[in-house]
Amino acid sequence: MSAFQKANKGRRWRAEILSFTRNIIYNLVLVRSELLKQSYIHGNYYSFIVNDSKKRIIKAASFKDRIVHHALCNIIEPIFEKSFIYDSYACRKGKGVHKAILRLQHFLRLSSEGLNGKKFFCLKCDISKFFDNVDHNVLKQIIHKKISSPGVLWLIDLIIDSHNEQKGIPIGNLTSQLFANIYLNELDHFIKDRLGIKYYIRYMDDFLILDVDKNRLFDLRNQIREFLQFHLKLNLHPKKSEYFSVDGGIDFLGYLVFKSYILLRKSTVKRFLKKLKKQLKIDSVCESRKNILDCKFQS
């Protein structure tokens with residue numbers, strides 16, 4: 001699917017997109033020309049707040065910029081995807097929350113089936129304000145190891161610096177999802193390759209490790225904290241980095257996971273019911289307006 005089609009998907013009736021598509025050939029040729037000449041300038045972001053599991057400031061790029069973001073990801077995502085570990089589950093094809101939860105349950109079942117009855121302990125961590133603290137220079141250095149094309153690197157640097165010149169990537173950009181995985185892929189390989197951890201799962205900036213040795217988890221947390229600080233300029237959240245027995249289940253990504261069953265977290269159910277109630281109210285208003293229009297038309 002082309003970058004235009006991806007950027008247009010599900011949004012085609014918005015005023016900004018309708019304006020762009022009125023002269024679609026001209027506008028696409030113009031974007032291509034600007035990229036080739038390196039005269040393309042990234043536009044400003046539109047900000048809005050989303051209150052889901054927590055308050056987030058979303059930065060929305062213009063439609064023209066979103067086309068460029070999709071075009072860039074079409075080119076570089078397959079290159080980096082090859083280096084990603086299997087147990088990274090955010091914003092990747094064939095992965096996602098449900099796959100991460102099922103993988104976690106699979107790990108938990110191993111504690112009774114293949115570890116001589118030894119119980120797992122869990123180290124669960126969260127990176128403090130991850131998107132706000134991604135260091136631009138570190139991110140560029142990581143990317144430059146894989147990408148050699150001067151034109152592509154120019155565009156990547158331009159997009160990285162479009163939000164802030166030193167640190168932070170905007171939540172809302174397609175490129176930010178990919179950049180986040182590229183950035184934390186360094187952590188993934190440190191944990192898997194350097195520390196030799198087998199039972200590890202990451203979903204964006206939330207990750208956990210399972211081990212039968214509780215003391216080892218304590219040491220691992222210190223090593224991970226040091227790696228994040230010195231290599232990625234990030235910090236573990238002081239209140240969301242803990243280790244515990246898995247007997248009471250693991251609260252992860254909106255679910256409470258046990259080896260025999262999975263439960264929805266109460267806050268997830270409440271959030272779902274709140275959204276459903278809001279949607280039903282919207283549908284009711286729309287239906288009422290439709291009935292009024294029908295009555296007027298019939299009369």
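Visitor: How many salt bridges does a search of the whole structure find?
Guide: This is a predicted model, in which local features need pLDDT of at least 70 and side-chain atom pairs count only at pLDDT 80 or more, while totals for chains, interfaces and linings use all residues. Residues are numbered from 1 along each chain as its sequence is written, and side-chain values use heavy atoms, with hydrogens and water left out. A salt bridge is counted when a side-chain nitrogen of Lys or Arg lies within 4 Å of a carboxyl oxygen of Asp or Glu. On that criterion, the number found in the whole structure is eight.

Visitor: Which residue meets the side chain of arginine 103 in a salt bridge?
Guide: Helices (H or I, at least four residues) and strands (E, at least two) are DSSP runs, numbered from the N terminus. Arginine 103 lies in helix 5 (residues 97–113) and its partner in the loop between helix 4 (63–81) and helix 5, so the pair ties together parts that are 16 residues apart in sequence. With buried meaning under 20% relative accessible area, exposed over 50% and partly exposed in between (1.4 Å probe, protein chains only), arginine 103 is partly exposed at 24%, whereas the partner is buried at 4%. The N to O distance is 2.8 Å, and the partner is aspartate 87.

Visitor: Which residue meets the side chain of lysine 233 in a salt bridge?
Guide: Lysine 233 lies in the loop between helix 10 and strand 6, and its partner in the loop between helix 6 (130–133) and helix 7, so the pair ties together parts that are 98 residues apart in sequence. The partner counts as buried, at 13% relative accessibility. The side chains meet at 3.8 Å, N to O, and the partner is aspartate 135.

Visitor: How far apart are the closest N and O atoms of lysine 140 and aspartate 161?
Guide: Lysine 140 sits in helix 7 and aspartate 161 in the loop between helix 8 (150–160) and helix 9, so that distant parts of the chain, 21 residues apart, are linked by the pair. Lysine 140 counts as buried at 15% relative accessibility, while aspartate 161, at 26%, counts as partly exposed. The two form a salt bridge in which the closest N and O atoms are separated by 2.7 Å.

Visitor: Which side chain of opposite charge is nearest to arginine 221?
Guide: Arginine 221 lies in helix 10, and, with contact meaning heavy atoms within 4.5 Å, it is in contact with Leu123, Leu236, Ser241, Glu242 and Tyr243 once neighbours within four places in sequence are left aside. For charge, Lys and Arg count as positive and Asp and Glu as negative, and His and the chain ends are not counted. Arginine 221 is buried yet has no salt bridge, and the nearest side chain of opposite charge, 7.8 Å away, is that of glutamate 242.

Visitor: Within what arc do the buried residues of helix 10 fall, seen down its axis?
Guide: The buried residues of helix 10 are Leu217, Leu220, Arg221, Ile224, Phe227, Leu228 and Leu232. They line one face of the helix, because their arc, taken from the directions from the helix axis to the C-beta atoms, is limited. On the other side, Asn215 and Phe230 are exposed. Seen down the axis, the buried residues fall within an arc of 135°.

Visitor: Which residue just after helix 10 takes a positive phi?
Guide: Most residues other than glycine have a negative phi. Cysteine 91, in the loop between helix 4 and helix 5, has a positive phi of about 55° although it is not a glycine. Leucine 253, in the loop between strand 7 (250–252) and strand 8 (255–257), likewise has a positive phi of about 55°. Just after helix 10, the residue with a positive phi of about 55° is lysine 233.

Visitor: What distance separates the C-alpha atoms of phenylalanine 244 and leucine 123?
Guide: Phenylalanine 244 has its place in strand 6, and, leaving aside neighbours within four places in sequence, it is in contact with Phe121, Cys122, Lys124, Gly249 and Ile250. Phenylalanine 244 and leucine 123 are 121 residues apart along the chain, and their C-alpha atoms are separated by 6.8 Å.
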